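Let's take a walk through this protein together, with an eye on its charged side chains and a few backbone details. Keep the structure open beside you and follow along from place to place.

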Amino acid sequence: MKLASLKYGRDGKLVVVSKDLTRYCAADNIAPTLQAALDDWENCAPKLEALYRDVEHQAVPCERFHEREAESPLPRAYQWADGSAYINHVELVRKARDAEVPESFYHDPLMYQGGSDDFLAPREDIPLADTSWGCDMEGEIACITDDVPMGVSKDDAAGHIKLLMLVNDVSLRGLIPGELAKGFGFFQSKPASAFSPVAITPDELGDAWKDSVIQLPLKLDYNGEPFGRAEVGQDATFSLADLVAHAAKTRNLGAGCIIGSGTISNKGADGGPGKPVSEGGAGYSCIAEIRMIETIYDGEAKTRFMQPGDTVRVWMDDAEGHSIFGAIEQKVVEP
């Protein structure tokens, strides 16, 4: 099924959305918000599934669904933790500064805890007060869990993945080195992220959901031009189930916890750095990656980070070319 939160109050109004993203039916008689549904998922999910079937069969009154009227599915969440499932991305970062990737990174995921009290809506502008902060987009996948017990195994963690979304994890690259140098991790360099207008249950993907990894390309346009077409199922060192299990190693995860994949990143056909879409490659899911490749080959980065007026669009199509999650469409603006 497909769920969304229309703009209403601080936590949105839960609605069930048709498969083709054209219609919705309010679900507030089942749960007022998505968080409320997740808190009682065992009871709410079957009722939401039944309503989804009714929406598909046009057996209930529906209204036109407009993606611009949607908040991120969880406008705020109890937890947002972002991993780094694509070690190719990490390898490029390290190579650009002649640093080795620690061996542990290949079996012990990287993860940071982001701010979850205030997400951007899928069509909300990205505020940028200072261009020297190095504003970047990061195209990712994320899952939403129900209650996950501490110490959960990878196999059991897969069953706790209830919903999937797309992410634009906004990063301020110019602030990251100084923060990491303090030894305490990201904070100011990770402002509010945005998620897709719609969250879906994994069964919506059919055969494109395999071993807790989506087997479809994540599409990203920058200023109206194709920038990234990376295959999510390719070069993934860790699955979303791996990341959920990692996050739950020493703590319980509450219902509504969001776990991100990190930047989707593919190697080139020859095993080296990937090529731009314009050159037949899969392109990139963030600006930092093409800057790393420019540094490796040309000695300096040439592609600038985002400036006021720049736009980014993140979406995913099914095998027939139909949008699955709706699109994140954002513009960078001065506050």
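Our starting point is asparagine 223, which counts as partly exposed because its relative accessibility is 34%. Here, buried means under 20% relative accessible area, exposed means over 50%, and partly exposed is in between (1.4 Å probe, protein chains only). Those areas come from the Shrake-Rupley method with a 1.4 Å probe, and for residues only the protein chains shown count as cover. This is a predicted model, in which local features need pLDDT of at least 70, side-chain atom pairs count only at pLDDT 80 or more, and totals for chains, interfaces and linings use all residues. Residues are numbered from 1 along each chain as its sequence is written, and side-chain values use heavy atoms, with hydrogens and water left out.

Where does asparagine 223 sit? Its place is the loop between strand E17 (217–222) and strand E18 (225–231). Helices (H or I, at least four residues) and strands (E, at least two) are DSSP runs, numbered from the N terminus. The phi of asparagine 223 is near 55 degrees, a positive value in a residue other than glycine. Aspartate 235 also has a positive phi, about 65 degrees, although it is not a glycine. You will find aspartate 235 in the loop between E18 and H6, and it counts as partly exposed because its relative accessible area is 28%.

From that loop, move on to helix H6 itself, residues 240–247. The helix is mostly covered, with seven of its eight residues buried; among them are Leu240, Leu243 and Val244. At the start of H6, a side-chain oxygen of serine 239 comes to within 3.3 Å of the backbone nitrogen of alanine 241. For a polar contact, a pair of N or O atoms must be within 3.5 Å; within protein, one must be able to donate a hydrogen and the other to accept it, and residues adjacent in sequence count only if both atoms are side-chain atoms.

Helix H6 also brings us to the charge pairs. Side chains of opposite charge can pair when their charged atoms come close. A salt bridge is a side-chain nitrogen of Lys or Arg within 4 Å of a carboxyl oxygen of Asp or Glu, and by this rule the count comes to 17 salt bridges. In one of them, lysine 154 meets aspartate 242, with the closest N and O atoms 3.7 Å apart. Lysine 154 lies in helix H4 and aspartate 242 in helix H6, so the pair ties together parts that are 88 residues apart in sequence. Aspartate 242 counts as buried because its relative accessible area is 19%, whereas lysine 154 is partly exposed at 43% relative accessibility.

Another salt bridge joins lysine 162 and aspartate 146 (3.9 Å, N to O). Lysine 162 belongs to strand E11 (residues 161–168), while aspartate 146 is in the loop between strand E10 (139–145) and helix H4 (154–158). Both lysine 162 and aspartate 146 are buried.

Next, look at lysine 190 and aspartate 169, whose salt bridge has its closest N and O atoms 3.2 Å apart. This pair links distant parts of the chain, 21 residues apart. How covered are the partners? Lysine 190 is buried, with a relative accessible area of 10%, and aspartate 169 is buried at 0% relative accessibility. Both take part in a network of salt bridges with Asp136, Glu138 and Arg173. Aspartate 136, in strand E9 (residues 135–136), is buried at 1% relative accessibility. A polar atom of the aspartate 136 side chain lies 2.9 Å from the backbone nitrogen of alanine 288.

Lysine 2, in strand E1 (residues 2–6), is buried yet has no salt bridge. The nearest side chain of opposite charge to lysine 2 is glutamate 204, 4.6 Å away; Lys and Arg count as positive and Asp and Glu as negative, while His and the chain ends are not counted. A polar atom of the lysine 2 side chain lies 2.9 Å from the backbone oxygen of isoleucine 324.

Let's finish with aspartate 207, in the loop between strand E14 (199–200) and strand E15 (209–210). Aspartate 207 counts as exposed because its relative accessibility is 77%. From aspartate 207 to glutamine 188 the separation is 19 residues in sequence and 39 Å in space, C-alpha to C-alpha.
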